[in-house]
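Here is a short tour of how the helices of one protein chain fit together, with stops at a few individual residues along the way. Keep the viewer open as you read.

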Amino acid sequence: MNIAILGGGVAGVSSAIALKQKGFDVTVYERNQSESNIGAGIVVWPNASFVLEQLDVLEEIKKVSGYPSAMQRMSNTGEDLGSISIEEINKNMGYPSLSILRRDFQAILVSKLKSLGIKIKYGYEITKIEEKKKTVNIYFQNGEKATANIIIGADGRMSSVARKFVTGNNKPIYQGFINWVGVFESKEKVFDEIVVKDYWGIGERFGIVPVSQNKAYWAGGVVAKKSGTRKPALYKKELNTLFSKWTELISEVIANTPQNKINKIYVHDHNPTELWHKKNLIIIGDSAHAPLPTSGQGACQALEDAWHLANCLSENSIDLDSAFSKFTRLRVDKTTGIINAGRGLASSLFNSDQEFCKVRNENSKKVDYLQVAKGMAEGWSSGLPINT
Ligand SMILES: Cc1cc2nc3c(=O)[nH]c(=O)nc-3n(C[C@H](O)[C@H](O)[C@H](O)COP(=O)(O)OP(=O)(O)OC[C@H]3O[C@@H](n4cnc5c(N)ncnc54)[C@H](O)[C@@H]3O)c2cc1C
């Protein structure tokens, strides 16, 4: 059984590893010329740590990660709005939460992939998927063509050719806010503790996630009605206009992030769909279920897909329709819940109504955050054989 995977991001590379471990012959096709990644860093929540352990890379990941203990919410004036104990989430799920830079995360996954002898073909941009009687043909920009017993569409959220083939529509939905994301590194110790800082303004938000005492990734966000321009030379000016009056730490982090380590993203997601497969092709990761970054779970869910899909295909790779249907049944509810949770938090954070934000902040102070941590642990554990 040979498998072609379209896209070498988190979903593509992790599913390649999981499928190779089950004995499949796998090739990954990626449009970029080398490893690349969107976003600056991720929190690997315990559900993802479980999968990374199965992929035999958790120990490597731990070596370059931070162990965040809490997520502290504050107003833009520094008022304490409550704190979610990440340690409580970890305790309930039996695995660690880890903060890691994207470049380190992707490099470890790709290195594992190569060590298993899996081929990753860079410079292969899929332009067309052609339907045959029971299978599909894949066409690339470079003039080549591929086919395989099983095709996995893992070509992301913004212009997935595989999603278009399966559902007829691959247009992501702009959700009305911008994120600037960046990586900050300092020679000196800046963070006394590895605690996620989440500052809430009025239609604005700034989050800092330390990875070590002198390294962090961050995201600054603001409401913007329309998707617009991206001029890297202006990013710092745009950020300073929005956040220079917030805490000193934010100004320091922006000032000490090189311009080429900042990206500006007009944030999109996809409406949930239950249609994930057609012929011998199935979509996974953002191509199937892209949530907003406010869900905190996009990459983690891509990893869960890898584990579940490898299990479903190793149980049954003869009747693909049944195996794909089983995978979809196992994954749709959880990923739909995560898309909706991401939208719920985004609509509260990226709200420009002053009175709404005042009430939101007051309510946040009254929340029982122990219960919140327990609820997050329960939701994120679902479908996985881990403790709750
Ligand atoms: C601003 C922002 C911040 C985020 N922060 C977090 C976070 O903190 N934690 C978290 O868990 N998730 C986060 N996410 C979500 C996370 O980035 C995605 O959910 C995750 O990367 C999905 O993995 P994927 O492999 O499906 O897609 P991607 O990682 O996007 O990979 C898709 C791959 O397919 C390739 N590709 C696309 N089209 C083609 C084509 N036509 N031919 C060949 N190759 C193609 C791309 O080059 C890419 O390598 C964030 C997302 C955004 C937008």
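## Where H10 meets H11

In this predicted model, Gln301, Asp305, His308, Leu309, Cys312 and Leu313 of H10 meet a set of residues from H11: Ala323, Lys326, Phe327, Leu330, Arg331, Thr335 and Ile338. Sorted by class, this contact of H10 with H11 holds 7 nonpolar, 3 polar and 3 charged residues.

Two packed helices are described by the angle between their axes and the distance between the axes. For H10 and helix H11 (residues 320-349), the angle is about 160° and the axes are 9 Å apart. Since angles over 145 degrees count as roughly antiparallel, H10 is roughly antiparallel to H11. The crossing of H10 and H11 is right-handed.

## A closer look at Gln301

Is Gln301 buried or exposed? With 28 other C-beta atoms within 10 Å, Gln301 is buried, and its place is in helix H10. Leaving out residues up to four places away in sequence, Gln301 touches His289, Thr335 and Ile338. Thr335 and Ile338 also appear among the H11 residues that meet H10.

You can also use Gln301 to link distant parts of the sequence: Gln301 and Val51 are 250 residues apart along the chain, yet their C-alpha atoms are separated by 10.0 Å. Val51 is one of the buried residues of H2.

## H10 and its other partner, H1

H10 also packs with helix H1 (residues 10-21): their axes come within 8 Å and cross at roughly 30°. Angles under 35 degrees count as roughly parallel, and H1 and H10 are therefore roughly parallel to each other. Their crossing is right-handed.

On the H1 side, the contact uses Val10, Ala11, Ser14, Ser15, Ala18, Leu19 and Gln21. Facing them in H10 are Ala299, Ala302, Leu303, Asp305, Ala306, Trp307, Leu309, Ala310 and Leu313. The residues of this contact divide into 12 nonpolar, 3 polar and 1 charged. Asp305, Leu309 and Leu313 of H10 are worth finding in your viewer, as they are listed in the contact with H1 and in the contact with H11.

## The nonpolar core

In soluble globular proteins, nonpolar side chains tend to be buried together. Here the largest nonpolar core has 117 residues, and the members that touch the most others are Ile5, Leu6, Val44 and Leu303. Which helix gives the largest share of this core? That is helix H10 (residues 298-315), with 10 residues.

Ile5 is a good place to start exploring the core. Setting aside neighbours within four places in sequence, Ile5 is in contact with Gly12, Ser15, Ala16, Val26, Val28, Tyr29, Ile152 and Ala154. Ser15 is also one of the H1 residues that meet H10.

## H2, an enclosed helix

H2 is largely enclosed by the rest of the structure, because 7 of its 9 residues are buried. The buried ones are Pro46, Asn47, Ala48, Ser49, Phe50, Val51 and Leu52. They pack against strand S3 (41-44), H3, H4, strand S6 (98-101), H10 and H13.

Just after H2, Asp56 takes a positive phi of about 65°. Asp56 lies in the loop between helix H2 (46-54) and helix H3 (58-63), and with 13 C-beta neighbours inside 10 Å it counts as partly exposed.

## H4 against H13

Two of the partners of H2, H4 and H13, also pack with each other. Helix H4 (residues 86-93) and helix H13 (residues 369-381) pack at about 40°, with their axes 9 Å apart. H4 and H13 are therefore oblique to each other, and their crossing is right-handed.

Glu88, Ile89, Asn92 and Met93 of H4 make this contact with Leu370, Ala373, Lys374, Met376, Ala377, Trp380 and Ser381 of H13. By class, it has 7 nonpolar, 2 polar and 2 charged residues.

## Two lysines in loops

Lys279 has a positive phi of about 55° although it is not a glycine. You will find Lys279 in the loop between strand S17 (277-278) and strand S18 (281-283). Lys279 is partly exposed, with 18 other C-beta atoms within 10 Å.

Lys133 sits in the loop between strand S8 (126-131) and strand S9 (136-140). With 5 other C-beta atoms within 10 Å, Lys133 is exposed. From Lys133 to Gly296 the C-alpha distance is 40 Å, and the two are 163 residues apart in sequence.

Technical notes
Residues are numbered from 1 along each chain as its sequence is written. This is a predicted model: local features need pLDDT of at least 70, side-chain atom pairs count only at pLDDT 80 or more; totals for chains, interfaces and linings use all residues. A nonpolar core is a set of buried Ala, Val, Leu, Ile, Met, Phe, Trp, Tyr and Cys residues joined through C-beta atoms within 7 Å. A residue is buried if 20 or more other C-beta atoms lie within 10 Å of its own, exposed if 12 or fewer, and partly exposed in between; C-beta atoms are placed from the backbone. Helices (H or I, at least four residues) and strands (E, at least two) are DSSP runs, numbered from the N terminus. Two residues are in contact if their C-beta atoms, placed from the backbone, lie within 7 Å. Axes are lines fitted to C-alpha atoms, for helices over the stretch in contact, and angles run from 0 to 180 degrees between N-to-C directions. Angles under 35 degrees count as roughly parallel, over 145 as roughly antiparallel, 65 to 115 as roughly perpendicular and the rest as oblique. A crossing is left-handed if the near helix is turned anticlockwise from the far one by less than a right angle, and right-handed if clockwise. Ala, Val, Leu, Ile, Met, Phe, Trp, Tyr, Cys and Pro count as nonpolar, Asp, Glu, Lys and Arg as charged, and the others, Gly among them, as polar.
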